[in-house]
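Please look through the following report on one protein model. It deals with a surface patch and with salt bridges.

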Amino acid sequence: MLSRLLKEHQAKQNERKEQQERRRREAIAAATCLTEALVDHLNVGVAQAYVNQRKLDHEVKTLQVQASQFSKQTAQWISMVEGFNQALKEIGDVENWARSIEMDMRTIATALEYVHKGQLQSTCS
């Protein structure tokens, strides 16, 4: 009777050990599945972040090229406007010079008329 109780006790202990081992394996399998799911979820986020970073890098390079082109074009426009401004100044200078010459010519013409009239009057008298 004692040996039967011992055998039953040992059988129950073995059964509990097997059940505990089975539960341990199930827990490890569940933890592994959970870990893989978490890693996969994180990897998706990391992959998306990597793709976004590559897109941003490409956009930055494109923006730098466009900014450089815009800067060059702006410098050309500034140069053209400065040239135009200088041409306007020169036209203004020529206009002033022409007015000055015209005034001088009128003065000379008036003086010549005055001299001519004076000569005509002295010849007539």
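In which helix is tryptophan 97 found? Tryptophan 97 is found in helix α1, which covers residues 2-124. The model is predicted.

**The nonpolar patch**

Tryptophan 97 is one of the residues that make a nonpolar surface patch of about 630 Å². The other residues of this patch are Val94, Ile101, Met105, Ile108 and Leu112. Is tryptophan 97 buried or exposed? Its relative accessible area is 56%. Exposed means over 50% relative accessible area, so tryptophan 97 counts as exposed.

**The salt bridges**

Side chains of opposite charge can pair when their charged atoms come close. How many salt bridges does the structure hold? The structure holds 5 salt bridges. The table lists some of them, with the distance between N and O atoms.

| Residues | N to O distance |
|---|---|
| Glutamate 21 and arginine 24 | 2.4 Å |
| Arginine 99 and glutamate 95 | 2.5 Å |
| Glutamate 102 and arginine 106 | 2.7 Å |

Where do glutamate 21 and arginine 24 lie? Both lie in helix α1, 3 residues apart, and this spacing is about one turn of the helix. Glutamate 21 has a relative accessibility of 30% and counts as partly exposed. Arginine 24 is also partly exposed, at 43% relative accessibility.

Arginine 99 and glutamate 95 are 4 residues apart in helix α1, so about one helical turn separates them. The relative accessibility of arginine 99 is 46%, and the residue counts as partly exposed. Glutamate 95, with a relative accessible area of 38%, is partly exposed.

Why are glutamate 102 and arginine 106 separated by about one helical turn? They are separated by about one helical turn because they are 4 residues apart in helix α1. Glutamate 102 has a relative accessible area of 36% and is partly exposed. Elsewhere, salt bridges that share partners join Glu21, Arg24 and Arg25 into one network.

**In short**

Helix α1 holds tryptophan 97, and this residue belongs to the nonpolar surface patch. Helix α1 also holds the salt-bridge partners glutamate 21 and arginine 24, arginine 99 and glutamate 95, and glutamate 102 and arginine 106.

Conventions
Residues numbered from 1 in each chain as written. Predicted model: local features only at pLDDT ≥ 70, side-chain atom pairs only at ≥ 80, totals over all residues. Heavy atoms only, no water. Patch = residues over 30% accessible without salt bridge, like charges linked within 9 Å, V, L, I, M, F, W, Y side chains within 5 Å. Areas by Shrake-Rupley, 256 points an atom, 1.4 Å probe, with all protein chains shown as cover. Salt bridge = Lys/Arg side-chain N within 4 Å of Asp/Glu carboxyl O. Helix = DSSP H or I, 4+ residues; strand = E, 2+ residues; numbered from the N terminus. Buried < 20%, exposed > 50% of the residue type's maximum accessible area, 1.4 Å probe, protein only.
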